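Me: I'd like to learn how to read a few features in a structure like this one. Could you walk me through them?

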Amino acid sequence: MVISPVHYIAVPLLAAFVIPLFAKLNREFVRIIPGIVLLYLSYVSIVLMNQVSSTGTISEVLAGWAPPFGINLVFSAFSGFLASLMTFMGLVIWIYSYRFKKIDDEPALKFYVLFLMLITGAIGIVLTGDIFNLFVFLEIVGISAYSLTSFYRNRDGAEAGFKYLLLGAFASTLILLGIILLYSSIGTLNMADIAQKSHLIPTSLKVSIFILFVVGFGIEAEMFPLNGWAPDAYSQAPGPVGAAFSGIAVKAGMYVIIRLIYTLFDIEGSFQFLIVMGLITTIIAEVSAMKQTNLKRMLAYSSIGQMGIVMVAFGIGTREAIIAGLFLMLNHAIIKGLLFLSSSYLVYNDDNKLISSLSGLGKRLPLVSFLFALGAFAIVGLPPFSGFWSRLYLLLAAADKELIYLIAIILIIAVIEIVYYFRVINKLYFKDIKVKSDDVQKPSINAVISMSILGILIIAIGIYPDLVTSYLGNAADALLDKAGYIENVLVDINN
Amino acid sequence: MNTYFVVLLILFGGAIISFAINKVSYLLSGIVAFIATASATVFFYLNVDTDNFVQFSLAGFDFQWGLNSLSLLFTYIVLGLGTLATLYSIQYMRFKNNLGYFYFNFLLGIGSMMGILFSQDFISFFIFWEIMTWSSYLIVVYNGNKTHKIGIKYMIFSGIGAYAMLMSIVMIYADVKSFLIADYIDYISQVGLSGHYLQIILLIVGFGVKSALMPLHVWAPKAYANSPMGYTSLFSGALSKMGVYGLSIVLLSLLTNFNTGENVSLGGLFEGINAEFIRIIVQWLGAITAVMGTLYALKQNDAKKLLAYSSIAQLGYIITGLAIGTELAVMGALFLAVLHAIFKGALFMAMGAVERQAGTTDMTKISGLVRKMPFTFIVTLMSIIALAGIPPLGGFVGKWLLYEGMITSGHYFLVVLIFFSSTAAFLYCYRILFGIFLGQEEKETINVREAPISMLIPMLLLAILTMVFGTYPGLLFEPIANAMSYIGYNDVVWEMSTISNVWGDKVSLDYVSLTIFTVFIVAMIFLTIKNYKGTRYVTTKDISTSGEMPTENENLTFQLNFFQPFERAVAPLYKRSMDKIYNTIGESLDALFNFVRTIYTGNGQTYALYVIVFLVIMLIFKDSIFN
């Protein structure tokens, strides 16, 4: 079998549908199949990433219809990087959730099916070359995300899920409206073709379409003020799902915004717009994070803040800044993933997930607390952990464009982050123990493995950032090469 | 393999081993830590070579490690004090918990300080700086519970300092396209300082936090006083010197050497700033730090806090000297920097010994320990003589140079401030001596014994060093003169045992010292023999008790409000404290943050409304947003 980007979509989608059948044979298949799928996709990622770095972008035509009429998948160094990152995060989260107790109590079947759908949708968004197809994948992500949010079927979960659904419905409507307007003006849905023809659209209409898209996808990408769903969703969803949201779903939304600005539309002021929105998002989110008493909500706001910084990075727009932005996305996925995964054990038995309930847990749950502390150190950008390098790249990119105030704001925010993360670390380690030893949930072995993978990765990248910098550089080049993207998709028709 | 890598490998590897080995035996952890620092020290000085530079590139940046004579001077402080402090800690920490954690961070601190000194580029400098910061933070909060606020405060100020430094570094990179410190100095020497003052100011802020410069010092007193004393000796002695090291690069290599006297207006916030202005500001901040540190030290009842404030004051002298920047002042400042590491290291260790043996360092609670802990007393005595700058011990030489440097360069007001603070330092020095060691013995301290030998050795060694450097300051002048030649002061004149001034007067220290030591030793032998017989009981006629007969167990040495008249005289100076100002800022920020977070109402309808409003605003203003 030849490895192609189609496998990213086809295999997990197929698996999601056959899992219920296999479940009849043996309940254990429910857990094993997603793992096999994700392992296979990781293999696909490795193969394709190697292929991309040697031969360049892979454009795969589906169902025999050539673009701009048919649907195609584009696996470039940029989209491939994100798809691989999502696959990797999916695999880690699968390892973690294999025996996550709360999922054991609830129907595991639903969880795994929805989880696979979420990954499929997110990877589909990143890989597809067709904007309507992208919309379909967004709906897949959305529907699985709403259900995963209210997975526990309690009141708060339902409320959070409903808020997410409400805003998600807005997003779909606006995006669909944008697509309709776009199609009616240039008659194509293929993204390469749109990029080629977007100058034909009257500017005013083009800007309106752009705004519809930005607002629609901004909801997914946690842009302020469209991110009201996020704190609730993160705090109510099961632990691994929070990690999946921040590592996978949100990245997909961010990807689309980046594509819109860099490739599809050529709108003056959109970069500045991204910087400003990113700054507002991050300032408000970090300030809110500081005042949270609920650990999961704090992480959620921090996650929003990080996405704001990513927006700023992509708003600067130079190659260095894109590398910084991609590095931030990578770090956000692994570090915030680690924080969400470890924090689930820290607040395991506290329904309110209060930070104050963590007192002295460092002695009861040494490994989990250590990993949480590691994640906190990394996310505030302390060397020698991976978060430091992405922040450094971002600051250098900003300094290169002489955006002094931007640097100052980013660093002030970093101080705020120090305050609220170190407050938690202090609670963990340097306060008297409140909980009884039988009240804490010891992590299962697979959870320890998955968190350790992330922890080791954080340290490894922190000490030797060249592990990833070449991929990031290629990805940035691929993103900036708009003509190459168009050519790659549309010329392939003729061959 | 390269010297630098090996030294760091020994220290960081030692950190991991002593963390792991703690499971086997609590004692082993400390011994491993000591072996690691000692072997790193020995290896380093056997292979030290200032011309050896290592270059490598990582993450697309060029890194350079090497040694220059300035950083070599500071390695003496770090490795010397580091080795002694680990040796001291083995016994000091013996009965405490989490020793693996303690030694891990301890060695990480020493290793990262060495890394800072090796770094010839800003980025590895910053990386090691941050490792130093968080490892020291983890030790500040080591004692648990009450320390978390202190820890957060330390971390916030360190964060502000570090990020100011980082901001400066990235701006420098945008200008120079290189992280090498030498490249930046070259660049400045070509284009001049104008337009780069923001970078310099940010660097000064960054280094100022670690060297506890006003108004960035507020973290220091409590952080110093609440860490385990074995570490505080290093914290105050060596870690703060990293700030001094950075400041000496900025103030001397950059500001003094390339101060062409131009007065370029930068506009806006930086109107009228030039190199001279920055230096005057730093001089005054240093002097004010010295005065305020001393005044607050006088007020303390806890010897540890007293010493913490005293450290701040001492750092103030050093910074003032560096900022003045004449040859003598710099020499005095660097001399004091080394000496401060020695005597303050010894003092913190001595207080640690008192704390360990007597349970507290509160001067109102203990007294009369001189018979119980004679060696600790001797160490304290010598260290505070050095601290107060009394001949013949080392501190005197440093102060002499500093005063002379200030007077010859015409900074008379600063001399007054420094002199005031230095004189007031006598008072608090005496207080420690009197409060803890002299006076009547208390019932509670009847079972106190002298500290273990492995704690006494490092203390005594440091005390002897103050004596050696007081008699033969030339031993220290030599590396200092080399260091100064690196930062642009060529042909610094020094003599082994003589200090002179510009008016041609000379003082031969060895004669002075020998005379004083002889007198001292003779007197001590005499007194020991005379008083050996036993306790002399105070008769009721000796003291005034308003006609009442004091009972035997009533303590007649007074400790509380020791300097009440003096405190009253300077009371207005205590009124405004930076702490209060920062608290006010913190509270108002808190209120603001509380307001901002109400944007997230938790109501789905509001969120939906936000989306609509945002969309409408965007559509209305689309022309102005997207041209």
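Me: Which residues in α8(B) are buried?

Reply: Keep in mind that the model is predicted. Tyr197(B), Gln199(B), Ile200(B), Leu202(B), Leu203(B), Ile204(B), Gly206(B), Phe207(B), Gly208(B), Val209(B) and Lys210(B) are the buried ones in α8(B). That's 11 of 14 residues, so call the helix mostly covered, given that buried means under 20% relative accessible area.

Me: How many residues does helix α8 of chain B have, and what is its reach from first C-alpha to last?

Reply: The idea is to compare the end-to-end distance with the span expected at 1.5 Å a residue. Here, helix α8 of chain B runs over residues 197-210, 14 in number, and reaches 20 Å, close to the expected 20 Å. Just past the end of α8(B), look at Ala212(B): its phi is positive, about 55°.

Me: Now rings. How many aromatic pairs turn up over all chains?

Reply: The search of the whole structure gives 74. Take Phe44(B) and Tyr45(B): their centres are 5.0 Å apart with 70° between the planes, making the pair edge-to-face.

Me: Are those two residues buried or exposed?

Reply: Phe44(B) is buried, at 0% relative accessible area, while Tyr45(B) is partly exposed at 28%.

Me: What is the geometry between Phe44(B) and Phe118(B)?

Reply: For a ring pair, you read the distance first and the angle second. The centres of Phe44(B) and Phe118(B) are 5.7 Å apart and the planes meet at 40°, so this pair is tilted. Both residues are buried.

Me: Which parts of chain B does that pair tie together?

Reply: Phe44(B) belongs to helix α2 (residues 26-46) and Phe118(B) to helix α4 (residues 99-118), so the contact ties together parts 74 residues apart in sequence.

Me: Which residues make up the aromatic cluster in chain B that includes Trp219(B)?

Reply: Rings can gather in groups as well as pairs. This cluster joins Tyr101(B), Phe102(B), Tyr103(B), Phe106(B), Tyr142(B), Tyr154(B), Trp219(B), Tyr224(B), Tyr231(B) and Phe235(B).

Me: And where does the charged end of Arg259(A) sit?

Reply: Over the ring of Tyr485(A), 4.4 Å from its centre. In the same spirit, Arg31(A) lies over the face of Tyr98(A), 6.0 Å from the ring centre.

Me: Last one: what domains does the assignment give for chain B?

Reply: Domain 1 covers 272-505 and domain 2 covers 575-626, according to the domain assignment. To place them, use the C-alpha centres: those of domain 1 and domain 2 of chain B are 49 Å apart.

How values were computed. Residues are numbered from 1 along each chain as its sequence is written. Chains are lettered from A and ligands numbered from 1 in the order in which they are written. This is a predicted model: local features need pLDDT of at least 70, side-chain atom pairs count only at pLDDT 80 or more; totals for chains, interfaces and linings use all residues. Side-chain values use heavy atoms; hydrogens and water are left out. Rings of Phe, Tyr and Trp (its six-membered ring) pair if their centres lie within 6.5 Å; planes under 30 degrees apart count as stacked, over 60 as edge-to-face and the rest as tilted. Buried means under 20% relative accessible area, exposed over 50%, partly exposed in between (1.4 Å probe, protein chains only). Helices (H or I, at least four residues) and strands (E, at least two) are DSSP runs, numbered from the N terminus. A charge sits over a ring if NZ of Lys or CZ of Arg is within 6 Å of the ring centre and within 35 degrees of the ring normal. Domain bounds come from an automatic or database domain assignment. The expected span of a helix is 1.5 Å times one less than its number of residues.
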